[in-house]
Structures are given as structure tokens and as C-alpha cells.
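Colleague: Could you take me through one part of this model in some detail? I'd like to follow how the strands there are put together and what they border.

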Amino acid sequence: MTVDYSNNYDESVNNAYAVYEPVWGGPTGDSIVKLNKYNKDSKPGTQNLGNTFSSQVIDFSGHFDYARSYQEKHNVSAMLVVDALRARQSRDFQYRTNANLGLQLGYNYDHRYYADFSGALVNSTKLPASTRVGFSPTASLGWVLSEEDFLKSVSWVDRLKPTASGGIVNTDLDFGSYYMYAAVYSPTAYYSWSDGTFVNQATTISRGANPNLTYAKRREAELSIEGSFFKKKVDLLGTVFYIKKDGMPVQVYSQYPGYFFTGYPPTSFVPYSNFQANRYSGFDLQVNFHQDLGRVALKIGAAVTYVRTLALKRDELFADSYRNRAGKPVDAVFGLQSQGLFADQNDIDKHAAQKFGIVRPGDIKYKDQNGDGVIDERDEVKLGQMSSPLTGGVNITAQWKGFSLFVLSTASFGGTGMKSGSYYWVAGSEKYSSMVRNSWTENTKATARYPRLTTSGGVNNYRSSDYWTYSTNRVNLSKVQLTYSFTGKFLEKSFVKGLNIYVSGNDLLTIAKNRDLMELNIGTVPQVRFYNLGIKGDF
């Protein structure tokens, strides 16, 4: 059982200080002849307290374990786990509570055939009383193939174990707040007439009630294989997975008539429902290689992960199917498809009408996706996805005598970034960044890479489109560390039991086509490369 209470606050004393202005003079005018004093030093000694913050956490956990072997081949294990958490912070209206009860049952025959069942009884105060308790079962089966007669004679197979598992997990992580199942009414005042003298009082509703709102469910299935080969020189772990996340809470406006929600006053009788669904599928693969090359012990590891995400259900009623978010990646990037920059007024007149303000030569030209002769939000298509579906890395460890060298490189491929914000999209009296170089003019229209500069808002150009997208493919040299461990002969007559000296560097190199964009932090702290020199001793 743990109890953690903490309180923080800022304590300050506001002092005032005199300011002195030099008066320059003398024969050459570069001497201070006197000081003009403004204000005076004041130290009232009054203490001020502010930014108070408190946190309270009480946690209890316990487990009961059982393990026994019968007839030396039947191995049984069980674990019963209980956990409860109660926490509250400043400005919380209620305690955040969590209570769970879990049971794990395991069985294996002769350490060859494995079966495991786990069940969790979960409780969430984010849900109504009738649905806040849920049961999450999972099960797995494993088979050590290398212990069978048909593989025991294969000299290069040390261990080979396939495993299949699946389960249904109840989760409330998609619930952004408490009481999403309850209706919310709010009093509102509307000034209607007589210069605001008379006030009309009204009550609005922002969502309806749903007493049956329940957990989102993760249905998971997984096949994996674990192996060791060539007298443990090669280790392998591979997994293929499928996850369907269903019942995420959203307000499904498309399933209710239009009079259930209005724009003014902003009202909605539409409740949260378990509707939205996503799918995640892919594989993980990890391979390690061990080999001694003379006096050098070498270890090389490689890992790769591929994840394909898919939005299965969305609240949408688009007339054009290409606008549907369902059937696209969960984090898909949508926008207009550009066709270069308008060369002249004739080019504008021949093109479909773009409804994003006044269009002039040098503005971005967009494709009319549905052929209606108008370019607007209905012409937005999928441009890519924010996350990288393919990620991986390689690590190398080489040991020679007391020296050990570790190198880690990581990579990601398939992601899409969007150049947006005031650094890339500048107009009117805003400060212009280096991005506007080579902007469109009559003299540079053949080579310009940036739209025309404008004193207006530039609403036609500064919107999501593939004109501003870029690839986030990258390879990083994430870490390099060289360590020297002093041998026993050096330490045998001292009180020091072990001594290591190391030097390391993090994020030393990025190889990417758009490295300058990805390493540019705007409005926040810059990205850094980190170097470290350290000593570790055991006494």
C-alpha cells in the first residue's frame, strides 16, 4: 500500500529597485558626468504565495500466487491480483478511482505444451453504474516444437516455440472526461432588444443522455514464433498481430434528425454512443546474431515493425466516397491536390473556380476532384498519413578486452508532414521567414517554388494541400557509446569492486531528404545532440 501526498506553491517577495541613467559629457563626450536616479529601492518584506497545487494518491495492490508440479510433468500455476487506486489533484471535481481484479491460470505439460488463461474484472467511474464493471478475458497456447522427435535431430535448431493468443480487452482510455453518459444542460443569457437592457434567459443542452454507454473493446489476435538457432548464435522473435478497437464513444450526428442539433443557440440532444471503430494489423520481427571473431565478441541485432491502421467506422455522410475517413489510415492527412501555380489571368479563367477568396496569378492551382467546376472543401482527398507505418533499427555491440562499443541506428518510413503555421504561411504584416525566398513574381514564374506574396490573408494558398506536404522518411544515428571496464588486476588491491568509464552521444546524425524541416523547432526549445562523459563505480 502506498500513500503519496504532495503540495507545491510559489513563494515570492516583490521588491522595487532604483534605476540609474548615465549622463554623458566631458571634453570628448565619452565620459559619464552624473547619474539620474529614477524610483528608489524598496524592500517591503511581504511574502506572496501563488500557483498552489496539491496531489493525493492512495494505491493498494496485492496478489496470491500458487505453483505446483504433479507427477513431474504437469505444471500448474495461478495468480490472483487485486489493485485499487484513488487519486485527486487540484481543480479536480472528483476523485479518479480505479479498481481491478485479475486472475491468471497457467498450465504446461513437461515444459512442452503451454496453455494460459487470464481474466481481469475492471471497474471505471467514467461509465454509468450499470456498465462500469467489465470482464476482459485473454488466452494463449504455446508449443515447443524443438522438443518433438522430428526436430530434436536437427542440429541447427536449438529452440523453436510458436504461440497463438487472443482476447477481448475492455478499455476506457478513449473517454476524454467523466459523465460522458449524462446529459449536460447550461443556463445562457441572450441580449435581444432595447440596447441590451432586457435579457432573455435560456437553457441549452450540449448532449443527450445514454445510460447504456459502455467500454470500448479491443479484440486482439496474435501469432508469434520464438527461436534460437546454430548453437544459440541466432535468436529470432517474430509476431503477426490483428487488433480491432470497437465502440469508441462519439456523438453520431448522422443517425439523428437535423432538429436534434442547432447552430444558434448551440444545442445538441445527440448523446455519446459506442460507435467508432479502428483496425490495426502488422508484424514485428527481431533478430539477434552472436559471433566471436578472434578476441572480439560481436553482437548484431535488428528489429522492424510494420503497422497498417484503418478507420473502420466514422460518423460521416459525404456525397463523394473519396472524402470518407472510413477505409483510410486512422491518422490520414486530408487536403487539396495542387497542380502548380497559376501563370496568368488566362490560366485562372480557364480553370475551375476556386472559392477561397480572390485568386491571382502566382496562387496555388487545385484539382477539381468531383468535376463540378468549383474548387472547395469537397475536393479534399487523402494526401498521406502522419505516422510512419514502417519503423526499425539496428544495434551493434563489439567487445574487445576491456572496451565495449555500442551503436544504435533507427529509421522510419512512410510518414507525411505538413508545412503549416506562421513560419511557412506568411501574409500581410506578419514577419516573413526564409521560406518565402524564390516566391512567385512575373520574373520568376518559371522557377518559383513559393506562391506570390500578398498583403491580404492568402486564404487560397495557406490551407492543407500536397503543395505543403513532405516526406518524413529518416535514418537516425540514435546512440553511440564507448565504455572501458577496468580489469580485476587493476582493482584487486583497492576497495573498488568495479569501475567503468564511458563516453556517449545521442542523436548524432540524421539522414533524410527533409532533414532541415524535421530538425526545425519553431516557438519552442531547439533540438539538441547530447554528449555525456561518465564514471560508474562499485564499492
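Let's start with a single pairing: which residue is the bridge partner of Ala84 in β6?

Modeller: Happy to. The bridge partner you are after is Ala99. Before going on, a word on the ground rules: residues are numbered from 1 along each chain as its sequence is written. This is a predicted model, in which local features need pLDDT of at least 70 and side-chain atom pairs count only at pLDDT 80 or more, while totals for chains, interfaces and linings use all residues, and side-chain values use heavy atoms, leaving out hydrogens and water.

Now to the strands themselves, which are DSSP runs of E with at least two residues, numbered from the N terminus. Ala84 and Ala99 belong to a pairing in which β5 (residues 74-89) and β6 (residues 96-109) run antiparallel, joined by 14 bridges. Two strands count as paired if DSSP finds at least two bridges between them. β5 and β6 make a hairpin with 6 residues between them, and in that turn Arg91 has a positive phi of about 75 degrees.

β6 also pairs with β7 (residues 113-124), again antiparallel, through 12 bridges. Here Leu101 has Leu121 as its bridge partner in β7. This second hairpin has 3 residues between its strands, and Asp110 in the turn has a positive phi of about 55 degrees.

These three strands meet again at the second largest pocket, where β5, β6 and β7 each supply at least two lining residues. A pocket is found on a 1 Å grid over the protein atoms alone, as an open set of points where a 1.4 Å probe fits, with protein on both sides within 12 Å along at least five of seven lines; lining residues have an atom within 4 Å of a point. The volume of this one is about 170 Å³, meaning the space filled by probe spheres set on points joined across faces, edges and corners.

Its lining includes Leu85, Ala87, Arg96, Thr97 and Asn98, along with Asn123, Ser124, Thr125, Lys126, Asp172 and Tyr178. β6 gives the largest share, 3 residues. By class, the lining has 3 nonpolar, 5 polar and 3 charged residues. Nonpolar here covers Ala, Val, Leu, Ile, Met, Phe, Trp, Tyr, Cys and Pro; charged covers Asp, Glu, Lys and Arg; the others, Gly among them, are polar.

To put it together, β6 pairs with β5 and with β7, and all of these strands help line the second largest pocket.

Methods:
Helices (H or I, at least four residues) and strands (E, at least two) are DSSP runs, numbered from the N terminus.
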